[in-house]
Amino acid sequence: MTGMQVSNDKRLKLVSGRAHPELAEQVASELGIDLLPVSAYDFANSEIYVRFEESIRGADVFILQSHPAPINKWLIEQLIMIDAAKRASAKRITAVAPYYPYARQDKKHQGREPISARLVADLFKTAGADRIMSVDLHAAQAQGFFDGPVDHLWAMPTLVEYVRTKVDPDNTAVVSPDAGRIKVAEQWGNRLGGVPLAFVHKTRDITRPNQATSNRVVGDVAGRTAVIVDDLIDTAGTICGAVRVVLEAGAKDVIVAATHGVLSDPAVERLHASGLRELVVTDTLPIEESKRFPELTILPIAPVLAKAIDAVFEDDSVAKIFDGDAG
């Protein structure tokens with residue numbers, strides 16, 4: 001026999017950034033492990049320092065960081081943690097970004113613009129990430145920006161399971177807030193038992209951020225509970241416009257379901273006054289108490305992340321978590 005036989009036991013290490021430690025703690029609890037101890041702080045000039053407090057040599061390291069405001073700070077912190085793991089001889093590094101930073105800048109609308117989502121993928125790769133794990137990318141094809149495996153997880157099963165308890169399928173319509181998400185609305189409709197679909201005709205000024213106009217509903221929502229589905233809610237202009245035109249079209253009431261509750265000002269005020277019955281989001285991003293209101297329901301995403309992390313660690317299929325709907 002040539003060479004040397006050594007022990008090669010696999011080790012999983014879960015590391016959390018400072019943006020949303022509660023989510024990482026919930027994921028660790030689902031996995032039945034403790035988070036890796038980390039020292040992280042800001043220098044006086046705002047530079048970030050990170051050090052892992054125990055060895056990760058040869059380990060399968062998952063670095064979980066949410067990306068709320070200030071998004072640039074938390075992105076840099078995650079990149080620094082990836083670099084630290086690479087230099088500490090981690091065997092494999094997975095960047096877990098439940099809400100992918102700069103996801104909406106996934107193409108050029110005008111000349112002389114960046115494709116920032118691609119840049120972020122390059123930054124993850126350069127820092128040392130071997131794979132990326134994220135939930136409900138703004139555009140699924142953004143998976144191709146990263147030169148390596150991307151685990152694109154879905155919150156849809158979690159959201160559908162909850163919404164199903166709140167509606168009568170015989171008196172419900174699923175509504176896409178724009179024409180671009182009709183495919184997702186169709187999947188929602190199938191999961192809710194084949195309910196009819198509609199979409200909101202929307203126009204957007206591409207030269208101004210967070211500016212869109214909802215014009216009319218295409219499809220029949222009269223007398224039905226309208227379930228409006230989207231990937232994220234930022235300032236809530238689009239969603240509140242959709243709620244308005246759906247109610248004007250005769251919907252009985254409106255439930256909005258979205259994966260990422262960004263909720264930048266003045267989202268809370270707009271949503272609370274919009275007339276919706278309920279807003280359902282997951283906790284991919286932290287939602288502080290000041291942004292919570294009576295119509296808001298927050299569902300845990302930790303079980304989905306934990307199952308996917310365990311599948312990657314065990315070299316098992318991630319797709320089977322979603323019944324073949326994601327890979």
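Helices, as the word is used on this tour, are DSSP runs of H or I with at least four residues, numbered from the N terminus. The model on screen is a predicted one, and the stops below move from single helices to the cores and then to the charged pairs.

**Stop 1: α3 and its charged pair**

Select helix α3, residues 116-127, and show the side chains of Arg118 and Asp122, which lie four residues apart in this helix and are therefore separated by about one helical turn. The two form a salt bridge in which the closest N and O atoms are 3.0 Å apart. Colouring by accessibility places Asp122 among the partly exposed residues, at 30% relative accessibility, and Arg118 is likewise partly exposed, with a relative accessible area of 39%.

**Stop 2: α2, with a pair of similar spacing**

Move next to helix α2, residues 71-87, where Asp83 and Arg87 are also four residues apart, and so separated by about one helical turn. Their side chains meet in a salt bridge of 2.7 Å, taken from N to O. Here Asp83 is partly exposed, with a relative accessible area of 25%, whereas Arg87 is exposed, its relative accessible area being 64%.

**Stop 3: a pair that links distant parts of the chain**

Now select Asp230 and Arg181, whose side chains meet in a salt bridge of 3.3 Å, N to O. This pair links distant parts of the chain, since Asp230 belongs to strand β11 while Arg181 sits in the loop between β8 (172-176) and α5, 49 residues away. Are these two residues buried or exposed? Both Asp230 and Arg181 are buried. While charged residues are displayed, add Lys10, Asp60, Arg92 and Asp315, which are joined into one network by salt bridges that share partners. A search of the whole structure finds 20 salt bridges.

**Stop 4: α5 and its two sides**

From Arg181, step along the chain to α5, residues 182-191, and look down the helix axis. The buried residues of α5 are Ala185, Trp188 and Gly189. Seen in this view, they fall within an arc of 100°, so they line one face of the helix. Turn to the face that points away from the buried side, and the exposed residues Lys183 and Asn190 come into view. Following on from α5 is Gly193, a residue with a positive phi, near 105°.

**Stop 5: α4, a mostly covered helix**

Select helix α4, residues 156-163, in which six of the eight residues are buried. Which residues of α4 are the buried ones? They are Met156, Thr158, Leu159, Val160, Tyr162 and Val163. To see what covers them, display the helices α5 and α8 (302-313) together with the strands β11 (225-233), β12 (253-261), β13 (278-282) and β14 (296-299), all of which are included in that cover.

**Stop 6: the nonpolar cores**

With α8 still displayed, bring up the largest nonpolar core, which has 42 residues, and highlight Leu14, Val27, Phe62, Leu153, Trp188 and Leu305 as those with the most contacts inside it. The element that gives the most to this core is α8, with nine residues. Centre the view on Val27 and, leaving aside its neighbours within four places in sequence, find its contacts with Leu14, Leu64, Ala302, Leu305, Ala306 and Ile309. A second core, separate from this one, has 32 residues, including Val15, Ala90, Val120 and Phe146.

**Stop 7: Ala306**

Return to Ala306, which lies in helix α8 and counts as buried at 5% relative accessibility. Apart from residues up to four places away in sequence, Ala306 touches Val27, Glu30 and Leu31. A distance drawn from C-alpha to C-alpha between Ala306 and Ala319, which are 13 residues apart in sequence, comes to 14 Å.

**Stop 8: His20**

Finish at His20, placed in the loop between β1 (12-16) and α1 (21-31). With 7% relative accessibility, against a limit of 20% for buried residues, His20 counts as buried. What does the side chain of His20 reach? The side chain of His20 reaches the backbone oxygen of Asp283 at 3.1 Å. Leaving out residues up to four places away in sequence, His20 touches Gln65 and Ser66 as well as the run of Asp283, Thr284, Leu285 and Pro286.

Notes. Residues numbered from 1 in each chain as written. Predicted model: local features only at pLDDT ≥ 70, side-chain atom pairs only at ≥ 80, totals over all residues. Heavy atoms only, no water. Buried < 20%, exposed > 50% of the residue type's maximum accessible area, 1.4 Å probe, protein only. Helix = DSSP H or I, 4+ residues; strand = E, 2+ residues; numbered from the N terminus. Contact = heavy atoms within 4.5 Å. Polar contact = N/O pair within 3.5 Å; in protein donor to acceptor, adjacent residues only side chain to side chain. Arc of directions from axis to C-beta. Core = buried A, V, L, I, M, F, W, Y, C linked by side-chain atoms within 4.5 Å. Salt bridge = Lys/Arg side-chain N within 4 Å of Asp/Glu carboxyl O.
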